[in-house]
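Biologist: I should like to request a close look at one part of this model, followed by an account of its surroundings. Please begin with a single residue and proceed outwards from there.

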Amino acid sequence: MPFEPSGRPVAEILDDVRKGGRLTAGDAHTLLEDGDLLELGIAAHEVRTRINDATVATYNIDRNINYTNICVYKCRFCAFYRQPGDPEGYVLPFEEIGDKIEETLALNGTGILLQGGVHPDLPLSFYEEMLGYIRENYPAIHLHAFSPPEVRFIAKKERLSFFEVIARLKKAGLMSIPGGGAELLSDGVRKEILAYTKVSADEWIEVMRQAHLNELRTSATMMYGMGEPLQARIEHLQRVRDLQDETGGFTAFISWTFQRQHTDMEEVPETYAHEYLKTLAVSRLFIDNIQHLQSSWVTQGKKIGQLGLRFGADDMGSIMIEENVVSAAGTSYRMSQDEMEHLITSAGFSPHQRTNLYERLVTREETVELAQRYRHALTPQNRDLASPLPIVG
Ligand code: SF4
């Protein structure tokens with residue numbers, strides 16, 4: 001059984017990993033089961049400082065835009081979707097997407113994460129037009145969009161390969177693909193939570209492989225804490241690490257815990273901070289080939305999110321201008337850029353905004369012109385997120 005504990009002593013495993021050795025799946029299982037939280041954190045932080053600048057922690061500014069909440073699937077853990085025909089279902093007009101982008105730019109943002117439910121009736125041309133509209137009107141914005149379930153559905157609907165769909169979307173303006181829809185890449189669990197039909201573990205991996213072959217970078221995600229066995233988390237980590245060995249196309253690994261309110265799985269016990277931080281640390285130790293690991297303040301809250309920077313994470317993800325999926329399940333936090341920087345500074349790191357694909361750091365001088373131009377687009381509920389604009393020139 002490849003995902004069973006290796007049975008090696010924890011101290012021996014941590015010693016190996018400190019010397020640059022690679023963990024086996026069995027070792028990762030042993031660490032999750034028997035490792036001491038603080039020992040794991042110290043080892044993960046050592047590895048994090050080997051891979052990334054020890055003095056810096058990064059974040060980005062982008063916005064989640066859910067262009068539709070209509071979905072043909074009924075994942076048990078999801079409180080966001082509406083079935084076709086539901087009066088609460090929507091598809092955002094392009095102009096409304098534009099308003100949200102302008103507000104993102106007004107807050108020094110550099111990108112958007114465009115993701116929906118899986119709408120049954122939207123053809124590939126709709127996605128191309130949406131990307132084209134954004135490209136034409138907001139050429140500075142990074143377009144991170146359409147997770148594997150959406151790509152898979154479009155491919156089936158249009159009778160195209162994953163590669164062809166991604167190539168068409170890329171031509172229309174797509175710049176990278178988010179790792180959503182992975183939850184746990186273990187088909188037994190996927191069948192249990194009704195996520196297998198939207199995308200199997202093999203299909204999720206295959207969409208990502210084809211994206212990387214199309215020379216698009218993607219992120220990898222993991223959502224856990226749905227009552228699954230530990231083996232399922234290990235299988236997930238192994239599959240992500242294997243694909244990264246093959247393609248090198250993942251920029252970051254982002255994990256978070258299942259949020260249960262208003263879902264079909266409210267009876268599942270909550271996953272608390274101890275388990276979250278332990279899983280984060282073991283992820284850093286096991287996934288030695290993806291450079292960046294994010295801390296999930298959006299599900300864990302600001303204080304645990306900040307602590308994640310000492311348990312293997314080097315990045316805090318985005319400030320949240322808008323988030324609809326996690327908040328539909330009862331968890332909602334917001335943060336301004338100034339607060340994000342304060343959180344990082346007080347954890348002992350120098351805070352830096354980064355680009356969406358982590359290629360470089362972003363200065364406020366770079367974003368100020370567009371922030372000025374779109375200041376008028378700030379909605380009353382988001383005015384408190386805006387920082388004073390620096391005087392440039
Ligand atoms: S998680 Fe995504 S695919 Fe599943 S029901 Fe929700 S919106 Fe649909």
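In which loop is the place of histidine 262?

Modeller: The model is a predicted one, and what follows should be read with that in mind. Histidine 262 is found in the loop that joins β6 (250-257) to α11. This residue counts as exposed, because 12 other C-beta atoms lie within 10 Å of its own, and a count of 12 or fewer is what exposed stands for here. Its backbone also deserves attention: the phi of histidine 262 is near 65°, a positive value although the residue is not glycine. Most residues other than glycine have a negative phi.

A second residue with such a backbone angle is phenylalanine 146, whose phi is likewise near 65° and positive. Phenylalanine 146 belongs to the loop between β3 (142-145) and α6 (148-158). Its surroundings are another matter: 28 other C-beta atoms lie within 10 Å, so phenylalanine 146 is buried.

From the loop of histidine 262 the chain leads to α11, which covers residues 273-286 and gives seven residues to the largest nonpolar core, the most of any contributor. This core has 108 residues, and Ala28, Phe253 and Leu285 have the most contacts inside it. In soluble globular proteins, nonpolar side chains tend to be buried together. Leucine 285 shows what such contacts look like: apart from neighbours within four places in sequence, this residue is in contact with Val17, Leu23, Leu31, Ala43, Ala44 and Val47.

One of these partners, Val17, leads to helix α1 (residues 10-18), where Ile13, Leu14 and Val17 are the buried residues. They lie on the same side of α1, because the arc they cover around the axis is only 95°. An α-helix has 3.6 residues a turn, so residues three or four places apart point the same way. Ala11, Glu12 and Asp15, on the other side of α1, are exposed. The cover over the buried residues of α1 includes α2 (25-34), α3 (37-51) and α11. Just after α1 comes glycine 20, which has a positive phi of about 95°.

Helix α2 is mostly covered, with seven of its ten residues buried. These are Ala25, Asp27, Ala28, His29, Thr30, Leu31 and Leu32. They pack against α1, α3, α10 (230-247) and α11. Ala28, listed here as buried, is also among the residues with the most contacts inside the core.

Three residues from the later part of the chain may be set beside these helices. Phenylalanine 349 sits in the loop between α15 (337-346) and β9 (350-353). It is buried, with 20 other C-beta atoms within 10 Å, and it touches Thr55, Val56, Ala57, Leu309 and Ile344, when residues up to four places away in sequence are not counted. Leucine 361 occupies the loop between β9 and α16 (364-373) and counts as exposed, having 12 C-beta neighbours inside 10 Å. Although leucine 361 and asparagine 60 are 301 residues apart along the chain, 9.3 Å separates their C-alpha atoms. Threonine 367 lies within helix α16 and is buried, with 22 other C-beta atoms within 10 Å. Its C-alpha atom is 8.7 Å from that of leucine 107, across a separation of 260 residues in sequence. Neighbours within four places aside, threonine 367 is in contact with Asn108, Thr110 and Val362.

The ligand has its own surroundings, and the residues around it include Cys71, Tyr73, Lys74, Cys75 and Cys78. By class, this shell has eight nonpolar, one polar and two charged residues. Phenylalanine 349 and lysine 74 are 41 Å apart in space, C-alpha to C-alpha.

Finally, the protein as a whole may be described. Its secondary structure comes to 16 helices and nine strands. The radius of gyration is 20 Å, close to the 21 Å that the globule rule gives for 393 residues, so the protein is as compact as a globular protein of that length. Of these residues, 49% count as buried. Among contacts with a separation of 6 or more, 78% are between residues 24 or more positions apart.

Technical notes. Residues numbered from 1 in each chain as written. Predicted model: local features only at pLDDT ≥ 70, side-chain atom pairs only at ≥ 80, totals over all residues. Near = placed C-beta within 6 Å. Nonpolar A, V, L, I, M, F, W, Y, C, P; charged D, E, K, R; others polar. Helix = DSSP H or I, 4+ residues; strand = E, 2+ residues; numbered from the N terminus. Rg over C-alpha atoms; globule rule 2.2 N^0.38 Å. Contact = placed C-beta atoms within 7 Å. Core = buried A, V, L, I, M, F, W, Y, C linked by C-beta atoms within 7 Å. Arc of directions from axis to C-beta.
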